[in-house]
Amino acid sequence: MKEYKIIKQKGKFLGDADKEFETILNNYAREGWEVQSTISLPHSNLFKVILVRDKSR
């Protein structure tokens with residue numbers, strides 16, 4: 001069985017903001033999460049990432 005998590009990044013990917021989001025993604029990866037897909041809404045700074053991992057961890 002799988003479980004899913006949606007995380008979001010608000011703002012532009014410039015300077016420290018992209019590094020912070022990279023750190024967040026790496027922390028989730030250490031917990032076994034993998035990026036399944038990304039969503040970027042048009043005319044918005046909202047960016048979402050869908051993560052997945054085996055629930056039986």
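Here is a walk through this small set of structural features, from the overall fold down to two residues. The model is a predicted one, so keep that in mind as you read along.

Let's start with the layout. The chain has 57 residues and contains one helix plus three strands. Going along the sequence, you meet them in the order β-α-β-β. As for contacts between residues with a separation of 6 or more, 55% of them link residues 24 or more positions apart.

Now for the surface. About 4,500 Å² of the chain is accessible, and carbon and sulfur atoms supply 49% of that area. On the other side of the ledger, 19% of the residues count as buried.

Gln-9 is a good place to look inside. You'll find Gln-9 in strand β1, which covers residues 2-9. Is Gln-9 buried or exposed? Its relative accessibility is 9%, so Gln-9 counts as buried, the cut-off being under 20%. Who sits around it? Setting aside neighbours within four places in sequence, Gln-9 touches Ala-17, Phe-21, Asn-45, Leu-46 and Phe-47.

Next, hop over to helix α1, which spans residues 16-30 and includes Asp-18. Asp-18 has a relative accessibility of 31%, so it counts as partly exposed; that class lies between the 20% and 50% limits. Asp-18 also belongs to a patch of negative charge on the surface, together with Asp-16, Glu-20 and Glu-22.

How values were computed:
Residues are numbered from 1 along each chain as its sequence is written. This is a predicted model: local features need pLDDT of at least 70, side-chain atom pairs count only at pLDDT 80 or more; totals for chains, interfaces and linings use all residues. Side-chain values use heavy atoms; hydrogens and water are left out. Helices (H or I, at least four residues) and strands (E, at least two) are DSSP runs, numbered from the N terminus. Buried means under 20% relative accessible area, exposed over 50%, partly exposed in between (1.4 Å probe, protein chains only). Contact means heavy atoms within 4.5 Å. Accessible areas come from the Shrake-Rupley method with a 1.4 Å probe; for residues, only the protein chains shown count as cover. Patches are made of residues with over 30% relative accessible area and no salt bridge: like charges are joined within 9 Å, nonpolar side chains (Val, Leu, Ile, Met, Phe, Trp, Tyr) within 5 Å. A salt bridge is a side-chain nitrogen of Lys or Arg within 4 Å of a carboxyl oxygen of Asp or Glu. Lys and Arg count as positive and Asp and Glu as negative; His and the chain ends are not counted. The place of a charge is taken as NZ of Lys, CZ of Arg, CG of Asp or CD of Glu.
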